[in-house]
Amino acid sequence: MTLLDEGYRKQKIREWYVEYSDAIFRYIMLMIGDREQAKDLTHDTFLKAFHRLEGFQGEMSDKNWLYRIARNATIDFIRKKKPLHYVTEMFTGVGGATPEDIVEAGEEERMVYDAMSRLKRSYREVLLLRKIKGLSIRETADVLGWKESKVKTTLSRALQAMKAQLEKEGYHRE
């Protein structure tokens with residue numbers, strides 16, 4: 001295996017950053033609800049991609065590979081936090097968002113975000129990737145390191161849990 005030229009790796013990461021950084025940031029933001037930490041984890045994702053680019057063999061798309069790195073970086077961040085602190089943040093809603101952000105989000109989006117933040121991590125992940133990011137079942141399985149059947153089952157359960165959570169919070173849509 002030849003070592004990739006550092007200039008090539010920098011250029012490739014720059015291209016990916018321009019193309020995918022907003023989507024990666026939103027994915028992480030929805031996972032942890034802290035804008036500043038999501039920015040840091042987004043940058044960490046691309047830094048890790050730079051260092052691991054040599055080992056990237058194209059077994060999945062560039063985008064899915066970056067989502068996998070972002071997911072792992074986010075999970076590592078969550079594990080390092082004190083579990084009680086993390087659980088408390090998850091149940092208080094929108095984490096690091098400013099009051100202006102909450103007002104701008106709109107009542108319906110806020111209710112959906114709050115309900116999603118109360119779901120277990122695997123449900124949030126599959127909902128984010130399939131329903132918000134629009135990844136296919138195969139792509140979602142690649143990112144999460146799951147079998148396609150697990151993605152389908154978890155998505156079904158996540159949708160039921162999301163509906164129940166929204167109803168519990170008083171959200172009823174005709």
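I began with the length of α3 (helices are DSSP runs of H or I, at least four residues, numbered from the N terminus). Its 19 residues should span 27 Å at 1.5 Å a residue, the expected span being 1.5 Å times one less than the number of residues. The end C-alpha atoms of α3 are 27 Å apart, which agrees.

I noted that this is a predicted model, in which local features need pLDDT of at least 70, side-chain atom pairs count only at pLDDT 80 or more, and totals for chains, interfaces and linings use all residues. Residues are numbered from 1 along each chain as its sequence is written, and side-chain values use heavy atoms, with hydrogens and water left out.

I then looked up burial in α3 (buried means under 20% relative accessible area, with a 1.4 Å probe and protein chains only). Among its buried residues are Trp65, Leu66, Ala70 and Phe77.

Next I examined the packing of α1 and α3. The angle is about 35° and the axes are 10 Å apart; axes are lines fitted to C-alpha atoms over the stretch in contact, and angles run from 0 to 180 degrees between N-to-C directions. The contact (heavy atoms within 4.5 Å) includes Trp16, Ile24 and Tyr27 of α1 and Trp65, Leu66 and Ala70 of α3.

Last, I turned to the largest nonpolar core (buried Ala, Val, Leu, Ile, Met, Phe, Trp, Tyr and Cys residues joined through side-chain atoms within 4.5 Å). Of its 44 residues, those touching the most other members include Trp16, Ile24 and Trp65. α1 gives the most to this core, with ten residues.

How values were computed: Buried means under 20% relative accessible area, exposed over 50%, partly exposed in between (1.4 Å probe, protein chains only). Helices (H or I, at least four residues) and strands (E, at least two) are DSSP runs, numbered from the N terminus.
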